Every structure is written in C-alpha cells, then in structure tokens.
Amino acid sequence: MKIDTVFIGNKEYYVVQKFLIQNNTYYMLLSTTDETDMMIRKLSIENNKEYLIGLEDEKEFDLVMNEYYKMIKANRVEV
C-alpha cells in the first residue's frame, strides 16, 4: 500500500486521511519523523495549482473536528 506524503515547509507529512466537509477538502497529516506532530490543512486551488493552507480560525477547526468525529462514528472514515 502506498501512502501519500506532502511537504509543509521543509517537513514531510503522511496524508493520514482526506475528507470533504461543506464543499471543502481537508487533510489529516502526520509527520514522517515525529508522531506527536499532527495537523489539519484545507485544500485551496488558485490558478489551477493546489495548496494546503491552514484553517481560518478556531470555529473552522471545531467544525472540522465535529464533522470528522461524526464520520468516524458512522464508520465513514478509517481510524
């Protein structure tokens, strides 16, 4: 099984999960070298190029975490 990776700055992260919430694609990322380094990023497309950007604020973070939890409970994502 191939696991996708992305670079944020100069650090490499595994793409642990990719999911769609309210027409936005979010990525759950885990550092390839430090299992305590996790983050969520949102896909942004500008000029036909894809970027992973930070969440706008704590409200968006709460929305993503609540929806992700619901998806886990409904067995719609792997954990």
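This report walks through the strands, salt bridges, one buried residue and one surface patch of a predicted model.

## Strands and hairpins

Start with strand E2, which covers residues 11-21. Its partner is strand E3, residues 24-31. The two pair in the antiparallel sense, over eight bridges. One facing pair to look for is Phe19 and Tyr26, the latter in E3. E2 and E3 make a hairpin, with two residues between them. Gln22 sits in that turn and has a positive phi of about 45°.

E3 also pairs with strand E4, residues 38-46. These strands run antiparallel too, joined by five bridges. Here Leu29 has Met39 of E4 as its bridge partner. E3 and E4 form a hairpin as well, with six residues between them.

## A buried residue in E3

Now look at Leu29, which lies in strand E3. Is Leu29 buried or exposed? Leu29 is buried, because its relative accessible area is 0%, and the buried class takes in values under 20%.

Which residues does Leu29 touch, leaving out those up to four places away in sequence? Among them are Val6, Ile8, Tyr13, Tyr14, Val15 and Val16. Asp37, Met38, Met39, Arg41 and Leu52 are also touched by Leu29. Take Ile8 as an example. Leu29 and Ile8 are 21 residues apart along the chain, and their C-alpha atoms are separated by 9.8 Å.

## A salt bridge from E2 to a loop

Side chains of opposite charge can pair when their charged atoms come close. The count of salt bridges in this model comes to four. One of them joins Lys11 and Asp37, with 2.4 Å from N to O. This pair links distant parts of the chain, 26 residues apart. Lys11 is in strand E2, while Asp37 is in the loop between E3 and E4.

How covered are the two partners? Asp37 is buried, because its relative accessible area is 14%, under the 20% cut-off. Lys11 has a relative accessible area of 33% and is therefore partly exposed, as this value falls between the 20% and 50% limits.

## A network around Lys42

Lys42 forms a salt bridge with Glu56, and their closest N and O atoms are 3.3 Å apart. The two are 14 residues apart along the chain. Lys42 is in strand E4. Glu56 is in the loop between strand E5 (49-53) and helix H1 (58-73).

Lys42 also forms a salt bridge with Glu60, where the closest N and O atoms are 2.9 Å apart. Glu60 is in helix H1, 18 residues from Lys42 in strand E4. Shared partners join Lys42, Glu56 and Glu60 into one network.

The three members of the network do not all fall into one class of accessibility. Lys42 is buried, because its relative accessible area is 7%. Glu60 is buried at 9%. Glu56 is exposed, because its relative accessible area is 64%, over the 50% limit.

## A nonpolar patch on the surface

Which residues make the nonpolar surface patch of about 250 Å²? They are Ile3, Tyr14 and Val16. Val16 belongs to strand E2. Its relative accessibility is 44%, so Val16 counts as partly exposed. That value passes the 30% needed for a patch. Tyr14 and Val16 of this patch are also among the residues that Leu29 touches.

How values were computed:
Residues numbered from 1 in each chain as written. Predicted model: local features only at pLDDT ≥ 70, side-chain atom pairs only at ≥ 80, totals over all residues. Heavy atoms only, no water. Patch = residues over 30% accessible without salt bridge, like charges linked within 9 Å, V, L, I, M, F, W, Y side chains within 5 Å. Areas by Shrake-Rupley, 256 points an atom, 1.4 Å probe, with all protein chains shown as cover. Salt bridge = Lys/Arg side-chain N within 4 Å of Asp/Glu carboxyl O. Helix = DSSP H or I, 4+ residues; strand = E, 2+ residues; numbered from the N terminus. Buried < 20%, exposed > 50% of the residue type's maximum accessible area, 1.4 Å probe, protein only. Pairing = 2+ DSSP bridges. Contact = heavy atoms within 4.5 Å.
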